[in-house]
Each structure stands twice: as C-alpha cells, then as structure tokens.
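Work through the exercises below with the sequence and the coordinates at hand. Each task is followed by a worked solution.

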Amino acid sequence: MTTTTSQTVLRARTAEERVRHSGTARRNDGDRIVDLFGFRGLADLSGPLERHRARKDARGRPSRYPPLALLAALASARITGSLASALTALDDPILWQRCRMAFEDRTGIWLPESPPTRDHVFEIRKDLAKQDATLVDMMTTFTRSAVRQAQKLGNLQPGLEPDWAEPDVRNAIFGDGTIIARYSDVTVTRDPETNEVIDARGSRATAAKRARYQSAFRRSGSDDKKSDGINHVTMHTRTAHGLVVLAVGTELGAEQWTALDLIDRVVAEAGDGVHTLVYDRAVTGWAVEYAMARHGVQAISKISARSARRVKNEGDDPDWDLDSYDYTTEELRSYVQDVVRERGLPRTARVAESLRAEFLGQMFRGERPMQVGSSLYPSSNKDGYEHVQSTYVFVPAHHTRADGSRCVHSLVMDDGALFSVSIDPVIEILVKEEYLPAITSVRHQQPNGAWGTTTSYLVPCSDEDFVWEILWNPSTKRFHRDSTETDRSPADPLGWRLRAVPRCDYERFGRINAGRNDSESFNRWYKDTLTNKRGATIDGRRQLLDLILGAVVKNSDTWSAYNGR
C-alpha cells in the first residue's frame with residue numbers, strides 16, 4: 001500500500017476544479033467519498049445486488065469485499081474523474097479507514113484493512129452489466145430511494161392539489177438528455193456472410209478482430225439530435241439543498257421513449273406528489289396528453305414551432321389565414337433597408353444586427369404590432385431576441401349580456417398563451433392585443449378515470465369582464481417504440497399546447513423553468529467526470545451502470561448539504 005497522504009492526493013485540485021467536479025469549492029474529494037460510503041441511497045442498492053447474486057451461478061471463491069463496497073469504489077470514479085484516480089485516493093490509509101468507518105456505521109460490516117484493487121472493481125462492473133434484469137432492478141430501487149430522499153427534503157409531498165397557474169417547484173420534476181460520445185471513434189466493417197470484423201478504422205490493434213470499439217450507439221437522425229454515442233436521460237427535482245436525481249436511463253432512439261419511462265417510474269413511487277413536468281421539446285404532442293391523462297401531470301415547456309401555421313379548430317374564421325405572410329420577417333427586412341438608406345449608414349453586418357435589435361425591441365415593448373403567429377423572447381442572440389414563428393389556434397369565447405344577447409370575443413392561443421386579437425388599422429393584419437393570464441388551472445377526473453384540466457381566464461369586455469373556462473380531456477393512449485400508428489396527433493389541437501404558464505409570462509415561467517438549469521448543470525458535471533467526456537467503457541450496459549452511480553453520487557452530495565457538510 002502506498003503511503004501517499006490524503007493531503008497530497010485529495011487536495012491537489014484548485015477551487016475551480018472542485019467546482020467543476022462537485023458543484024462546490026468547499027468540499028474535497030475525500031470528504032465526498034467518505035459520505036458516499038455511508039450514504040443510505042447507496043446502501044439501498046444492496047437489495048438488487050443480493051437478487052443479482054441469487055440469479056447467477058456463483059462459482060469460485062467469494063470476494064473479501066461486499067458487492068456494495070465495490071460499487072462504492074466504482075462510484076467514486078464519478079467524484080475523482082476516473083477509476084484509476086479513485087483507486088489511488090482509496091489507497092491512502094487515512095481515507096480508507098474513514099470509508100471503513102462510514103460503511104460500518106451504515107451497514108454494520110467492517111471492510112478489509114486494505115482497499116479493493118482494480119481487478120475487484122472491474123469484475124463487479126462486468127458482472128452487473130451482464131444482466132438487464134439487474135440494471136432494471138437497480139434503476140427501480142434507485143428511484144424508490146431517491147423519491148424518499150426528495151420527500152425528506154420537502155419535495156414531492158403527496159395529498160396536495162395543484163394549481164398550474166401558480167405551479168410549485170417543490171412538486172415539479174425536470175428532465176433532460178445528453179449524448180455521451182462513443183468510447184472511441186473506431187468503426188468496424190464486418191463480413192456480410194460470417195459477420196466477422198474484417199476492418200477497424202481508427203484502431204491501433206494489429207488485427208481487426210482485436211479492435212476495441214463501441215457497438216451500441218444511436219444513429220444520427222433518430223430524433224433532432226445529430227450526435228452519435230448514447231443518450232443519457234435523467235429526471236430530477238429541485239430542493240432547497242440541491243437537486244435530487246430521481247430516475248435515469250439510456251436511449252439509442254428518440255429521447256421521448258426513455259423520458260416517458262422515467263416519468264412512469266417516478267410517478268409510480270411519488271404518486272400525486274408530482275404535479276408538473278418541465279422538459280424540452282422531446283416531450284410533446286401525444287406524450288403531453290399521456291402525462292396528464294394517465295398521471296395528472298402537466299407539462300410546462302417550450303412548444304415546437306418551426307413555422308407560423310394555423311391549427312384548424314372549431315369556430316375558426318376562414319378569412320383569417322395568416323400563413324401566407326410573415327409580417328415580422330418582411331417588415332424587419334424593410335426596416336433595416338429603409339433606415340440604412342435614410343441615415344446613410346454603412347451596409348455592414350454590425351449595423352444590420354443593431355437595427356434588427358432596435359426593431360425587435362420596439363415590437364417586444366408593444367411599440368409595434370405583434371402579428372398572430374409570431375412571438376418574441378429575450379435571448380442571448382446577437383440581436384437580443386429569439387423570434388419564433390409560432391403555432392396558433394383560434395379560440396372563440398362568449399358570454400350573455402344583461403339584455404340576453406350573446407357577446408362573442410375573438411381569442412387566439414399563440415405559442416401556449418391566450419391573447420385577445422384585433423385587426424390592426426394600419427397594416428391591416430390580425431395582431432395580438434392583450435395577453436390573458438390564467439386565473440386558475442386545476443385538474444378534474446374524466447368519467448373513464450383519466451385526468452384533465454379546467455383552465456380559467458378573465459376576458460376583458462366593454463360591457464363586463466367575464467370568466468371563460470377551457471376544458472382539456474386528453475387521451476391516455478401511450479405509444480411505444482414498436483407502435484405502428486403513423487398518425488399520433490392529439491384529437492384536441494388546443495389542449496396539449498395551452499399553457500397556464502406560457503413563455504411570455506416571464507416571471508411565472510422563469511420561476512418554474514429555472515430548474516431546467518439544474519438538468520443542464522448535472523449533464524455538464526457528469527460529462528466532466530468522464531475522460532475526454534466520452535463513455536468510460538465500450539459496453540452500453542456498463543455506461544448505464546456508470547450513470548446510475550453518477551446519480552447516486554449527486555444525491556449523496558445533496559444529502560451532505562442537507563446535513564450541513
């Protein structure tokens with residue numbers, strides 16, 4: 001055993017490096033490893049390990065180390081950045097003694113006086129990844145333990161009725177996926193008859209059949225993400241002490257499939273403690289319907305909108321066909337050209353960007369009309385705004401006047417928000433007049449047991465303002481990877497797109513959507529724990545195991561923060 005001190009091995013990183021790996025500069029790797037060995041969330045995985053051992057043919061002499069301790073050593077690689085550095089750290093006598101004490105305090109088992117070797121840890125990773133049933137068992141058990149941790153920290157509390165006009169972040173779950181690049185860029189060619197590897201490009205192996213390459217990886221085009229590798233998908237909740245990862249999975253196809261699996265898994269453990277799902281555009285259309293109808297969970301996210309296309313709905317005015325003219329784009333182009341000519345400005349890219357920002361700022365502040373089917377949001381773009389050619393649905397609303405006559409108002413759902421509309425007298429096109437925020441948005445149960453929502457709006461009227469309710473009764477239909485139906489469009493084009501908290505409601509949307517930053521932060525952190533930000537192994541199942549253990553490490557850090565460490 002080396003006598004290198006923990007001070008040398010574990011405190012060599014700068015504060016900046018510790019922030020990148022752990023999210024904080026206050027705690028060193030050694031403290032985090034000790035906490036991990038004593039973490040209940042890790043100990044909970046002993047059940048799947050025991051069931052795995054019962055399923056396999058146990059031959060040979062058993063290891064001196066309990067499988068759970070080897071799993072802790074393997075997970076430590078997500079703290080130090082590699083398995084080699086983790087084993088080097090554990091080789092320090094002081095640190096290993098602290099780990100032994102933490103492990104005994106949690107499990108009642110004293111570990112051997114010397115730490116496990118590389119062979120010990122490699123063997124358990126190889127062994128666990130052989131059986132899909134074991135990995136599924138570990139993921140299910142992990143979620144059960146993580147939900148219990150989140151509830152201990154005050155999140156996902158059951159028995160509370162949601163109001164999505166004021167969503168509570170404590171009852172929200174956030175999801176995201178990130179593609180981890182292949183272990184290497186080696187590609188192989190196989191003999192079409194024998195299936196033997198006959199060529200291995202990018203490999204330094206002397207023979208093609210000896211090349212190390214990753215065979216399981218996603219194909220570009222399976223969804224909007226172009227990278228290959230394996231999509232690592234996670235679901236978490238945001239607590240006062242840090243994020244708690246609730247579920248993990250990997251995906252070689254479209255991300256929505258694993259995202260839905262994770263939602264099902266979390267709700268199975270948390271029940272009605274989950275109110276809101278915040279995800280990107282990977283969860284859309286029928287998947288939004290399914291989450292509400294099956295689980296009573298409302299999606300709050302950006303809506304896919306690649307072109308300003310009107311979605312037909314009952315009660316539409318056939319004369320309001322806006323798809324043929326994009327006022328914002330055309331007027332913006334004319335504005336830049338006219339101002340350059342009138343002011344004698346140089347025709348440079350910088351001048352054009354400045355004028356575009358000036359024009360869009362005027363439109364954003366309401367100084368210029370905003371065409372239906374066009375939305376603006378502040379962004380980090382060069383001109384300062386994101387221009388979305390948004391999807392819209394006309395929504396007629398009406399009430400009865402005091403004299404018994406019917407008063408009809410023209411409303412439009414545009415990019416998830418409800419607006420009153422009018423014909424602009426100057427440009428003579430339909431424009432958005434006033435944003436109507438939701439008063440309440442609550443769920444109701446349909447006769448078939450599925451969930452739906454009732455969202456109420458206060459509609460201004462010259463006679464008398466009135467409350468208008470929009471009911472959404474979605475379908476519980478859940479498609480799967482092998483589903484053959486080509487038309488998966490929801491029957492209600494309005495319901496799944498309507499958001500009680502849309503993007504244009506910056507304050508309310510910002511409060512709930514801020515948790516998405518945690519997802520992106522976790523993805524960055526996890527990639528930083530991998531050498532060259534690539535998969536640590538050529539085997540896809542072992543990469544899934546690494547992801548599970550990465551999530552355990554992150555939850556251990558959050559638990560330590562809760563306990564003031």
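The exercises cover a sheet, a helix and several salt bridges in this predicted model.

**Exercise 1.** Determine which strands stand at the edges of the sheet formed by E10, E11, E12 and E13.

Solution. The sheet is open, its strand order is E10-E11-E12-E13, and the pairing is antiparallel. Strand E10 (392–400) and strand E13 (430–436) each have a single partner strand, so one side of each lacks a neighbour in the sheet, and these two are the edges. On average, neighbouring strands are turned by 40° against each other, direction ignored. Between E12 (residues 417–423) and E13 there are six bridges; Leu418 stands opposite Leu436 in E13.

**Exercise 2.** Check the length of helix H11 (residues 132–152) against the expected span.

Solution. The helix has 21 residues, and at 1.5 Å a residue it should span 30 Å. Its end C-alpha atoms are 30 Å apart, which agrees. Just after H11, Gly154 has a positive phi of about 100°.

**Exercise 3.** Locate the partners of the salt bridge between Arg481 and Glu251, and classify each as buried, partly exposed or exposed.

Solution. The closest N and O atoms of the pair are 2.6 Å apart. Arg481 lies in the loop between strand E16 (466–472) and helix H16 (506–513), whereas Glu251 is in strand E5 (residues 242–251), 230 residues apart. Buried means under 20% relative accessible area. Glu251, at 6%, therefore counts as buried, while Arg481, at 47%, is partly exposed.

**Exercise 4.** Repeat the classification for Arg478 and Asp261.

Solution. Their side chains meet in a salt bridge, 2.9 Å from N to O. Arg478 is in the loop between E16 and H16, and Asp261 is in helix H12 (residues 255–270). Arg478 is buried at 12%; Asp261 is partly exposed at 27%.

Notes. Residues numbered from 1 in each chain as written. Predicted model: local features only at pLDDT ≥ 70, side-chain atom pairs only at ≥ 80, totals over all residues. Heavy atoms only, no water. Pairing = 2+ DSSP bridges. Helix = DSSP H or I, 4+ residues; strand = E, 2+ residues; numbered from the N terminus. Axes fitted to C-alpha atoms, helices over the stretch in contact; angles between N-to-C directions. Expected span 1.5 Å × (residues − 1). Salt bridge = Lys/Arg side-chain N within 4 Å of Asp/Glu carboxyl O. Buried < 20%, exposed > 50% of the residue type's maximum accessible area, 1.4 Å probe, protein only.
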